[in-house]
Amino acid sequence: MSYDFAPLFRTAIGFDRLAQVMDTAARSAATPSYPPYDIAKTGNDSYALTMAIAGFGPDDIELVVQDNTLIVSGRVSDPQNEGEILHRGIARRAFERRFALADHVEVTGADMNNGLLRISVRQIVPEALKPRRIPVQSGAASELTPKAETAAPEQAGLHRPVTAPPAAAAA
């Protein structure tokens with residue numbers, strides 16, 4: 001089944017990334033279920049991704065952030081001589097999971113404990129995107145012009161045009 005999101009984006013500006021994420025999600029045929037994971041919101045701007053990766057060590061795990069995507073992959077190291085395995089219930093197969101990250105989201109750390117990989121993620125809003133109050137001024141329109149335009153040309157970084165000397169008065 002295919003969805004057309006074009007009507008949603010007719011009046012939206014700057015949501016190209018959202019359209020790309022939705023398109024990618026719609027195209028993905030099957031989402032892998034291994035290894036299982038949880039995503040928890042741990043604060044106003046922080047999250048924790050916890051993956052169950054029993055049988056993997058810190059050297060077997062690789063975390064890469066590329067193009068607003070967190071890629072978590074695990075490669076099985078050489079098996080230790082455990083004797084003859086009669087039943088294998090702990091999956092130790094290689095995996096790769098991809099998680100889409102929103103703009104201004106960064107991975108701040110990762111640690112392993114008791115077979116769980118915990119990845120800390122934080123959203124950092126740049127100063128330019130934070131809400132700011134714009135003062136409303138009253139008065140003549142000339143007060144609203146930028147200082148550089150009302151300053152002397154030398155102060156505004158402009159040079160005075162070179163003019164020809166006045167013509168000699170005809171006698």
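User: Two strands pair if DSSP finds at least two bridges between them. By that rule, how many bridges join β6 to β7, and which way do the two strands run?

Analyst: 8 bridges join β6 to β7, and the two strands are antiparallel. This is a predicted model, in which local features need pLDDT of at least 70, side-chain atom pairs count only at pLDDT 80 or more, and totals for chains, interfaces and linings use all residues. Residues are numbered from 1 along each chain as its sequence is written, and side-chain values use heavy atoms, with hydrogens and water left out.

User: What does the chain contain overall?

Analyst: The chain has 3 helices and 7 strands. Helices (H or I, at least four residues) and strands (E, at least two) are DSSP runs, numbered from the N terminus. The elements follow the order α-α-β-β-β-β-β-β-β-α, starting at the N terminus.

User: Back to β6 and β7, then. What lies between them?

Analyst: They form a hairpin with 2 residues between the strands. Asparagine 114, in that turn, has a positive phi of about 55 degrees. Along the paired strands, aspartate 111 stands opposite arginine 118 in β7.

User: Which sheet are these two part of?

Analyst: They belong to an open sheet of 4 strands, in the order β1-β2-β7-β6, with antiparallel pairing. Its edge strands are β1 (37-41) and β6 (105-113), each of which pairs on one side only. On average, neighbouring strands of this sheet are turned by 20 degrees against each other, direction ignored. For such values, axes are lines fitted to C-alpha atoms, and angles run from 0 to 180 degrees between N-to-C directions.

User: How many bridges join β2 to β7?

Analyst: 7 bridges join β2 (residues 46-52) to β7 (residues 116-123), and these strands run antiparallel. In this pair, tyrosine 47 stands opposite valine 121 in β7.

User: What about the sheet with β3 in it; what is the strand order there?

Analyst: That open sheet has 3 strands in the order β3-β4-β5, and its pairing is antiparallel. β3 (61-66) and β5 are the edge strands, each pairing on one side only. Neighbouring strands here are turned by 15 degrees against each other on average, direction ignored. 6 bridges join β3 to β4 (residues 69-74), and 6 bridges join β4 to β5.

User: What is notable about phi of aspartate 67?

Analyst: Aspartate 67 is in the loop between β3 and β4, and its phi is near 50 degrees, a positive value in a residue other than glycine. Asparagine 68 is found in that loop between β3 and β4 as well; its phi is near 60 degrees, again positive in a residue other than glycine. At the ends of this loop, glutamine 66 stands opposite threonine 69 in β4.

User: Is aspartate 67 buried or exposed?

Analyst: Aspartate 67 counts as exposed because its relative accessibility is 67%. Asparagine 68 counts as partly exposed, at 26%. Buried means under 20% relative accessible area, exposed over 50%, and partly exposed in between (1.4 Å probe, protein chains only). Of the 171 residues of the chain, 15% count as buried.

User: New topic: arginine 97. Where does it lie, and what is opposite it?

Analyst: Arginine 97 lies in strand β5, and valine 72 stands opposite it. Within β5, Phe95, Arg97 and Phe99 make up the covered face, whereas Glu96, Arg98 and Ala100 make up the uncovered one.

User: How far away is the nearest side chain of opposite charge?

Analyst: That side chain, glutamate 96, is 9.4 Å away, and arginine 97 is buried yet has no salt bridge. A salt bridge is a side-chain nitrogen of Lys or Arg within 4 Å of a carboxyl oxygen of Asp or Glu. The side chain of arginine 97 does reach the backbone oxygen of proline 35, at 3.0 Å.

User: Which residues have the most contacts inside the largest nonpolar core?

Analyst: Met51, Val72 and Phe95 do, in a core of 15 residues. β2, β4, β5 and β7 each supply at least two residues of this core, and β7 gives the most, with 3 residues. A nonpolar core is a set of buried Ala, Val, Leu, Ile, Met, Phe, Trp, Tyr and Cys residues joined through side-chain atoms within 4.5 Å.

User: Lastly, where is leucine 101 found?

Analyst: Leucine 101 is found in the loop between β5 (95-100) and β6. Leucine 101 is buried, because its relative accessible area is 10%. Leucine 101 and glutamine 123 are 22 residues apart in sequence and 9.4 Å apart in space, C-alpha to C-alpha.

Terms used:
Lys and Arg count as positive and Asp and Glu as negative; His and the chain ends are not counted. A polar contact is a pair of N or O atoms within 3.5 Å; within protein, one must be able to donate a hydrogen and the other to accept it, and residues adjacent in sequence count only if both atoms are side-chain atoms.
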